[in-house]
Amino acid sequence: MKTITISRQYGSGGRHIAALLSEKMGVPFYDSKLLLKAAERHGISQEVIDEFKGKTSLLYAIGVMMSEESQDKRRQTIPEKMFHAQEEAVKRLAQEGPCVFVGRCADQILKDDNQLLRVYIYASNMEDRIKRIKKNKNLSQREALDRIAYKDRQRRDYYDFYTGHEWGKMENYDICLNTSVLSEEECVELLMKLAE
């Protein structure tokens with residue numbers, strides 16, 4: 001059985017697919033909460049974690065890097081510490097056995113693992129994404145559209161900055177699934193077959 005990494009467009013249903021897949025396969029599921037586990041393991045304070053949460057965009061990372069004065073050029077900034085802490089946690093958790101990772105650049109962190117299935121979930125119809133976000137977050141049409149644009153940009157910037165690869169580019173994944181065509185259940189069934 002393979003470890004599965006899932007990258008996804010905001011509002012595509014990728015996180016829900018990952019949770020269902022984890023449940024059906026009987027393997028652990030790790031998402032952004034992984035940050036907390038990684039941070040705790042590396043002694044990063046809860047105050048730093050709280051400040052960093054939700055601020056993973058490239059602009060935030062650059063701002064922190066530029067504002068932090070360091071006499072030792074090798075000293076890591078808070079975003080770098082957080083990324084390296086989660087990178088180590090992803091590797092450690094993957095060694096414990098098959099699991100499902102959502103985001104956190106896990107597909108690139110584990111790229112040398114031959115027991116890895118790298119998945120990208122997207123929805124080709126923007127209305128499908130908007131409908132999902134409006135329902136899950138109780139937002140208006142305009143708010144949902146703005147949130148989708150913001151979250152996709154945030155994910156793209158984070159992924160591109162830390163991996164040097166282009167987020168959402170099909171060549172970076174083993175399979176890309178379109179939830180405007182496939183149901184979440186169909187995606188789970190396909191991924192279970194591929195993971196075996």
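Visitor: Let's start with Cys176: is this residue buried, partly exposed or exposed?
Guide: This is a predicted model: local features need pLDDT of at least 70, side-chain atom pairs count only at pLDDT 80 or more, and totals for chains, interfaces and linings use all residues. Residues are numbered from 1 along each chain as its sequence is written, while side-chain values use heavy atoms and leave out hydrogens and water. With a 1.4 Å probe and protein chains only, buried means under 20% relative accessible area, exposed over 50%, and partly exposed in between. Cys176 comes out at 29% relative accessibility, so the label is partly exposed.

Visitor: And what is the relative accessible area of Cys187?
Guide: Buried is the label for Cys187. The value behind that is 0%.

Visitor: How many disulfides does the structure hold?
Guide: A disulfide here is a pair of cysteine sulfur atoms within 2.5 Å. By that test, the count for this structure is zero.

Visitor: Which element has the lowest mean pLDDT?
Guide: pLDDT is the predictor's confidence in each residue, from 0 to 100; the chain averages 85, and 79% of the residues score at least 70. Helices (H or I, at least four residues) and strands (E, at least two) are DSSP runs, numbered from the N terminus. At the top of the elements sits strand β5 (residues 175–178), with a mean of 98. At the bottom, with 46 over residues 58–67, is helix α4.

Visitor: Asn178 sits in strand β5, but which residues does Asn178 touch?
Guide: Asn178 has a relative accessible area of 11%, so this residue counts as buried. Contact means heavy atoms within 4.5 Å. Skipping residues up to four places away in sequence, Asn178 touches Tyr122, Ala123 and Ser124.

Visitor: Which helix gives the most residues to the largest nonpolar core?
Guide: A nonpolar core is a set of buried Ala, Val, Leu, Ile, Met, Phe, Trp, Tyr and Cys residues joined through side-chain atoms within 4.5 Å. The largest one has 18 residues, and those with the most contacts inside it include Phe83, Val90 and Phe101. α5 (78–95), α6 (106–109), β4 (116–122) and α8 (141–163) each supply at least two of its residues. With four residues, the one giving the most is α5.

Visitor: Which residues does Phe83 touch?
Guide: Phe83 is among the residues with the most contacts inside the largest core. Leaving out residues up to four places away in sequence, Phe83 touches Cys105, Ile109, Tyr158 and Tyr162.

Visitor: How many residues of strand β1 are buried?
Guide: Strand β1 spans residues 3–8 and is mostly covered. Thr3, Thr5 and Ser7 are buried on one side, and Ile4, Ile6 and Arg8 on the other. The buried count is six of six.

Visitor: In β3, which residue is the bridge partner of Ile6?
Guide: Two strands pair if DSSP finds at least two bridges between them. β1 is joined to β4 by six bridges, running parallel, with Thr5 opposite Arg118. β1 also pairs with β3 (residues 100–102) in the parallel sense over three bridges. There, the partner of Ile6 is Val102.

Visitor: Now for backbone angles: what is phi of Arg104 near?
Guide: Arg104 lies in the loop between β3 and α6. At 16% relative accessible area, this residue is buried. Its phi is positive in a residue other than glycine, near 60°.

Visitor: Is Asn138 buried or exposed?
Guide: Asn138 is in the loop between α7 (126–137) and α8, and its phi is also positive, near 55°. Its relative accessibility is 70%, so Asn138 counts as exposed.
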